[in-house]
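Visitor: I would like to go through this model and ask what lies behind each label. Could you show it to me?

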Amino acid sequence: MASATVKESDIESSISVKPIINYYILRELASGGCTNAVASFCLNPMDVTKIRMQTEGALDSSVPRIYKTFTGTASTILRQEGLLGLWLPGMVPSMMRELSYSSIRMGLYTPIRTFFQSFSSNKDGDIGLTLKILSGLTTGATGSAIATPT
């Protein structure tokens, strides 16, 4: 009786290991959240300026206005509080929102669109406007449901 020898390389090539976590979805979530966080960081000075003008506008009309125009408001904040006065207020809540809600909203779009594409009869790869809108609505609602505390 001949004995069969099994090589270690034969065993390794016959075993396929599937990851427990789908790293594709994690990558999509991380890239969606980080991209929105960078955009929020860049636009935070405009948010600070807008909110200062809105807050002052809610005051009684007898109070003299400090902030009259958008550029005037930004320059006043820059002159009185420095560059950090434009960038830092509201930065942490903004980042937390982008890294939670926006990562879900943007990161799940492609997997959800691919899921809806499996129901499409169109074989050229385009799923059509209706399913794209449905994908956006689904990911937006999912992000809101998970990340909004109320």
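Guide: Let us begin with a definition: a salt bridge is a side-chain nitrogen of Lys or Arg within 4 Å of a carboxyl oxygen of Asp or Glu. Please keep in mind that this is a predicted model.

Visitor: What makes Glu 81 and Arg 52 a salt bridge?

Guide: The closest N and O atoms of Glu 81 and Arg 52 are 2.9 Å apart. The cut-off is 4 Å, so the pair qualifies. This pair also links distant parts of the chain: Glu 81 belongs to helix α3 and Arg 52 to helix α2, 29 residues apart.

Visitor: Why are Glu 81 and Arg 52 called partly exposed?

Guide: Partly exposed covers the range between the buried limit of 20% and the exposed limit of 50%. Glu 81 has 39% relative accessibility, so it counts as partly exposed. Arg 52, with a relative accessible area of 22%, is partly exposed too.

Visitor: How many salt bridges does the structure hold?

Guide: There are four. One of them joins Arg 27 and Glu 28, with the closest N and O atoms 3.8 Å apart, and another joins the side chains of Glu 98 and Arg 97, at 3.4 Å from N to O. Each of these distances passes the 4 Å test. As a general point, side chains of opposite charge can pair when their charged atoms come close.

Visitor: Are Arg 27 and Glu 28 buried or exposed?

Guide: Arg 27 counts as exposed because its relative accessibility is 51%, over the 50% limit. Glu 28 counts as buried because its 16% is under 20%.

Visitor: And what makes Glu 98 buried, and Arg 97 partly exposed?

Guide: At 11% relative accessibility, Glu 98 falls under the 20% limit and is therefore buried. Arg 97, at 44%, lies between the two limits, so it is partly exposed.

Visitor: What is in contact with Glu 98, leaving aside its neighbours within four places in sequence?

Guide: Glu 98 lies in helix α5. Its contacts are Gly 33, Asn 36, Ala 37, Ser 40 and Ser 103. Gly 33, Asn 36, Ala 37 and Ser 40 are listed among the buried residues of α2.

Visitor: How do you know that the span of α2 agrees with its 35 residues?

Guide: Helix α2 covers residues 23-57. At 1.5 Å a residue, a span of 51 Å is expected, and the end C-alpha atoms are 48 Å apart, so the two agree.

Visitor: Where does α2 bend?

Guide: The bend is at Leu 43, by about 50°, and a proline, Pro 45, follows within four residues. Leu 43 is partly exposed because its relative accessibility is 45%.

Visitor: What makes Leu 43 part of a nonpolar patch?

Guide: A patch residue needs over 30% relative accessible area and no salt bridge, and nonpolar side chains are joined within 5 Å. With 45%, Leu 43 is over that area limit. Leu 43 forms the surface patch with Met 46 and Phe 70, and together they have about 280 Å² of accessible area.

Visitor: Why is Val 48 called buried?

Guide: Val 48, found in helix α2, has 7% relative accessibility, which is under 20%, so it is buried. Outside its neighbours within four places in sequence, Val 48 is in contact with Ile 77, Gly 85, Leu 86 and Pro 89. The C-alpha atoms of Val 48 and Ile 77 are separated by 9.2 Å, although the residues are 29 apart along the chain.

Visitor: What covers the buried residues of α2?

Guide: The cover includes α3 (70-81), α4 (83-87), α5 (91-107) and α6 (109-117).

Visitor: What does Thr 142 touch, not counting residues up to four places away in sequence?

Guide: Thr 142, in helix α7 (residues 129-147), touches Ile 104 and Leu 108. The C-alpha atoms of Thr 142 and Ile 104 are 7.4 Å apart, with their positions 38 residues apart along the chain. At 28% relative accessibility, Thr 142 counts as partly exposed.

Visitor: How many helices and strands does the protein chain have?

Guide: It has seven helices and zero strands. Buried residues make up 24% of its 150 residues. The chain exposes about 10,800 Å², and carbon and sulfur atoms supply 66% of that area.

Definitions and conventions
Residues are numbered from 1 along each chain as its sequence is written. This is a predicted model: local features need pLDDT of at least 70, side-chain atom pairs count only at pLDDT 80 or more; totals for chains, interfaces and linings use all residues. Side-chain values use heavy atoms; hydrogens and water are left out. Patches are made of residues with over 30% relative accessible area and no salt bridge: like charges are joined within 9 Å, nonpolar side chains (Val, Leu, Ile, Met, Phe, Trp, Tyr) within 5 Å. Accessible areas come from the Shrake-Rupley method with a 1.4 Å probe; for residues, only the protein chains shown count as cover. Helices (H or I, at least four residues) and strands (E, at least two) are DSSP runs, numbered from the N terminus. Buried means under 20% relative accessible area, exposed over 50%, partly exposed in between (1.4 Å probe, protein chains only). The expected span of a helix is 1.5 Å times one less than its number of residues. The bend at a residue is the angle between axes fitted to the seven residues ending there and the seven starting there. Contact means heavy atoms within 4.5 Å.
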